[in-house]
Amino acid sequence: MSRYLYYPGCSMDGSGRAYGESLIPVCEKLGLNLAEIDDWNCCGATEYVGVSLSPAYALIARNLAIAAKSKTDGEPLVAACSACYLNLAKADNYMKERPQLGERVNVALDAGGLHYDPGSVEIRHLLEVIMNDVGLDQVRANVVKPLAGLRVAPYLGCMLPRPDPDHRWKNHERPDDLDQLLAALGADVVDFPLKTECCGGHMTQIAPKVGLELIRRLVDEAEHHLADMMVTVCPMCQINIDAYQGEMNAEFHTKHKMPIVFFTQLMGVAFGLDPKKMGIGRELTDARPALKKIGKEAQPAADPVAPAHRPRPDKRALPMPRMESEATAAAETPAEVAR
Amino acid sequence: MVVAQVSPPLAVDSGVRFLEEVSAKTAGVSRLEMCIQCGTCGGSCPSADDMDHTPRMLFAMIRAGMKEQALRSNTPWMCVSCYHCVVRCPQGVHIADVMYTLKGMAEQEKSYRDSTPPGFARVFVGQVETFGRSWELGLTARHYLRHFILRLPRMTPMAAGLFFRGRIGILPHRIRQRKQLHAILSRAEELEKVS
């Protein structure tokens, strides 16, 4: 078993509980030994950095200092929440990039008897560890119940592939790592065009109209591609798309029912673990009906449906600009230029 | 006498100073002065439609020393931190981090028109400082009662659903070494005030 330090993040025993409870047994199966770091604190999410710089980075660096102390032999620190991962990686990088910030953070840490040398802990995300350290062959070897017949839309969200301070991703806008992993589980993977578009993050809390529109785009597109469910790597994306789907439906008068689960939950199901223990059923938009499709005959011709034609404009409506006038306008312009 | 009446020609300098101030308060090297006004940022932005100014416009305002207008713009608050602009910016400007800096400065000077986003950040930060962890129930309850009381009826079934599925912690989780965390954060806050 290879040992990794583990930073769960606050949502793992709250709204993202299904993630927390599924990733531990899945990692055990894959031979990853996750050692939770002692008495870790919140990473500050996207809120603290927008209030005060030095305290925000000192808050993150306290976790890094604890991780550096509990290292026995160069183990990386693994986070599964995208925001936690990015905050940890950013703090480590910016303390190097701006020595003044690094110094300041260490003066602050000193008040608590801690110290952190930037660069001393390797910070990684669980998905990337599974892809690179474990490998797809090992994943395939563990699959006992292939997810054939289940059409999934892989959804990474923003903060994992971008801004990528440690240069771990080949593609920042259309990476296919999660696609490959889900295909290795036997699922029918949709080429989801919005896989790294934003779910709105905290917008559902501070500007609901903006947030709900971003959620609508994602769910609409997943439905358009006839996905049975979306699969994510981030607790924020999960709660936005899952829990706010009701409010989104009310806002836009739609009737979407698009379940979204964490990739570790599907891995657990494919590895033959009890779906209930993988946190299936904790989502508000029930994923269980979709999971029943596993093993059944795949639906034939699952091509994306063409969007419905726009209704013809009302005859009483204002006239639209016509082609002739456009043609005359085009003829006039070069003459003007010549003059 | 005459000399004293002439207003000093510092308009340009004050602009430079604001640009420098924003850069100095940004984590990492902001590269803000490298902006070539190409507009890739606004074109990549999922929430640009809801912004008072596109990021490009905002950066031009910062350079022009329009501090008050820049800090009153809702643009930084509408930024969703998706980093699309950051990976596409041909000049490598740390756009999202500059947005965080502007939020912090607006918060400091109480220069915002909508108190919802800074209010949310403040409640979040307050809880993290007290408990060492974020507490979703306390955060949303306080925030919704204060800012979205009319949204509560719509939210109730969702809250109940989350509760019955074991996704809401009733009590906050407290870390053990809260004193140590407080010492670190207050020292950091002192350092922040110095600059």
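What follows is a chat about a predicted two-chain model, its interface, its core and some of its salt bridges.

Reader: Hi! Before I dig in, what kind of model is this and which cut-offs on pLDDT apply?

Author: Happy to help! It is a predicted model, where local features need pLDDT of at least 70 and side-chain atom pairs count only at pLDDT 80 or more, while totals for chains, interfaces and linings use all residues. Residues are numbered from 1 along each chain as its sequence is written, chains are lettered from A and ligands numbered from 1 in the order in which they are written, and side-chain values use heavy atoms, with hydrogens and water left out.

Reader: Cool. How many helices and strands does chain B have?

Author: Chain B has twelve helices and zero strands. Both are DSSP runs numbered from the N terminus, helices being H or I with at least four residues and strands being E with at least two.

Reader: And how much of chain B is buried?

Author: Of its 195 residues, 49% count as buried. Buried means under 20% relative accessible area, exposed means over 50%, and partly exposed is in between, with a 1.4 Å probe and protein chains only.

Reader: Now the interface. What area is buried between chain B and chain A?

Author: About 6100 Å², with carbon and sulfur atoms giving 58% of that. Buried area here is the accessible area (1.4 Å probe) that two parts lose on being put together, summed over both. In chain B, Arg165(B), Arg167(B) and Ile184(B) lose the most area to chain A, together 11% of what that side buries.

Reader: How many residues does each chain put into the contact?

Author: Chain B puts in 67 residues and chain A 73 residues, where contact means heavy atoms within 4.5 Å.

Reader: What about salt bridges and polar contacts between chain B and chain A?

Author: There are eight salt bridges between them, a salt bridge being a side-chain nitrogen of Lys or Arg within 4 Å of a carboxyl oxygen of Asp or Glu. One joins the side chains of Glu247(A) and Arg151(B), at 2.8 Å from N to O. The two chains also have 38 residue pairs in polar contact, both residues at pLDDT 80 or more. A polar contact is a pair of N or O atoms within 3.5 Å; within protein, one must be able to donate a hydrogen and the other to accept it, and residues adjacent in sequence count only if both atoms are side-chain atoms.

Reader: Which helix of chain B gives the most to that side?

Author: H12(B), with ten residues on the side that touches chain A.

Reader: Switching topic: which residues have the most contacts inside the largest nonpolar core?

Author: Tyr57(A), Phe263(A) and Leu266(A), in a core of 172 residues. A nonpolar core is a set of buried Ala, Val, Leu, Ile, Met, Phe, Trp, Tyr and Cys residues joined through side-chain atoms within 4.5 Å. Helix H2 (residues 53-70) of chain A gives the most to this core, with eleven residues. Leaving aside neighbours within four places in sequence, Tyr57(A) has contacts that include Tyr94(A), Leu101(A), Ala27(B) and Asp97(B).

Reader: Any odd backbone geometry? Where is the cis peptide bond?

Author: It joins Arg162(A) and Pro163(A), with omega at about -10 degrees. Pro163(A) sits in the loop between strand S5 (151-155) and helix H7 (177-184) of chain A. Asp39(A) and His253(A) have positive phi values although neither is a glycine, about 50 degrees for Asp39(A) and about 55 degrees for His253(A). Most residues other than glycine have a negative phi, and most peptide bonds are trans.

Reader: Is Asp39(A) buried or exposed, and what about His253(A)?

Author: Asp39(A) counts as buried because its relative accessibility is 9%, whereas His253(A) is exposed at 72%.

Reader: One more. Which residue forms a salt bridge with Asp228(A)?

Author: Lys293(A), with the closest N and O atoms 2.7 Å apart. The pair links distant parts of the chain, 65 residues apart: Asp228(A) is in the loop between helix H9 (208-224) and strand S7 (229-232), and Lys293(A) is in the loop between helix H13 (288-291) and helix H14 (323-338). Asp228(A) is buried at 10% relative accessible area, while Lys293(A) is partly exposed at 30%.

Reader: Great, thanks!
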